[in-house]
Amino acid sequence: ELPLASFTPYHSPSVGTYPIRLHSSGIQSSVTGTLTETILHTVKIPGGIMGSNGSLRVACIWSHTSNATARTLRVRLGGISGEDFIGASVTTSVNTYITKTITNRGSLNSQICWILGISAGGLGTAALKTGSIDTSVDQNLVVTGQLGNVAHTITLEQLIVEVLPSD
């Protein structure tokens, strides 16, 4: 793993040649006792690192209370008020694994992502998710949980964030 400090977007020989791991953690972070969407983890995405056609690859494992009351798992680019590129409402499962790519679409401020929440691959029936987050400047990628019952718990168990740069 190369330290993030060693990267200068568009000047490093590594840009465009292989994925860059920005974050990898198995440290647990939980929410319980509130119905408010709560940040479980934040990863800084350095401005310009994706390039105009690059991608963020995000993989998350959550555990959560199992019952009929929905719990919402999200990953947002642009902080807590940013685009929710990954979102899933879960009920009777006890854990969830989601992996997605968020890709700049020929511009540093236009993104696309497959929206279907839980499945890592397959056929979708919903429209693709688009966004307009300015990735030329630093942005926070936040992983959040929102409970449907204050007695329940959502725990982020694992988070991996990689950049697949372009340009």
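Here are four short exercises on this predicted model, each with a worked solution.

Residues are numbered from 1 along each chain as its sequence is written. Local features need pLDDT of at least 70, side-chain atom pairs count only at pLDDT 80 or more, and totals for chains, interfaces and linings use all residues, while side-chain values use heavy atoms, with hydrogens and water left out.

**Exercise 1. The open sheet**

Work out in which order the 4 strands of the open sheet are arranged, and which strands lie at its edges.

Step 1. Strands here are DSSP runs of E with at least two residues, numbered from the N terminus. Two of them pair if DSSP finds at least two bridges between them.

Step 2. Following the pairs gives β3-β10-β5-β6, with antiparallel pairing. The edge strands are β3 (38–45) and β6, as each pairs on one side only.

Step 3. From one strand to the next the twist averages 10°; axes are lines fitted to C-alpha atoms, and angles run from 0 to 180 degrees between N-to-C directions.

Step 4. Now zoom in on one pair: β5 (residues 71–77) and β10 (residues 139–146) are joined by 6 bridges. Within β10, Val142 stands opposite Arg76.

**Exercise 2. Following β7**

Find the strands that pair with β7 (residues 95–104), and name a bridge partner in each pairing.

Step 1. Strand β4 (residues 55–64) pairs with β7 in the antiparallel sense over 9 bridges. Here Trp62 has Thr96 as its bridge partner.

Step 2. Strand β8 (residues 111–113) also runs antiparallel to β7, with 2 bridges. Thr103 has Ile112 as its partner in β8.

Step 3. Look at the turn too: the hairpin of β7 and β8 has 6 residues between the strands, and Gly106 there takes a positive phi near 80°.

**Exercise 3. The nonpolar core**

Which residues have the most contacts inside the largest nonpolar core, and which strand gives the most to this core?

Step 1. Set the criteria. A nonpolar core is a set of buried Ala, Val, Leu, Ile, Met, Phe, Trp, Tyr and Cys residues joined through side-chain atoms within 4.5 Å. Buried means under 20% relative accessible area, exposed over 50%, and partly exposed in between (1.4 Å probe, protein chains only).

Step 2. The largest core has 31 residues, and Ile45, Leu56, Trp62 and Leu141 have the most contacts inside it.

Step 3. Several strands supply at least two residues each, among them β1 (20–25), β4 and β10. β11 gives the most, with 5 residues.

Step 4. Take Leu141 as a sample. Leaving out residues up to four places away in sequence, Leu141 touches residues including Ile45, Leu56 and Val161, where contact means heavy atoms within 4.5 Å.

**Exercise 4. Salt bridges across the sequence**

Show which parts of the chain are tied together by the salt bridge of Asp138 and Lys44, and by that of Arg57 and Glu162.

Step 1. A salt bridge needs a side-chain nitrogen of Lys or Arg within 4 Å of a carboxyl oxygen of Asp or Glu. The structure holds 6.

Step 2. Asp138 and Lys44 meet at 3.4 Å, N to O. Asp138 lies in the loop between β9 (129–131) and β10 and Lys44 in β3, so the pair ties together parts 94 residues apart in sequence.

Step 3. Arg57 and Glu162 meet at 2.8 Å, N to O. Because Arg57 lies in β4 and Glu162 in β11, this pair ties together parts that are 105 residues apart in sequence.

Step 4. For accessibility, Asp138 is partly exposed at 44%, and Lys44 is partly exposed at 46%.
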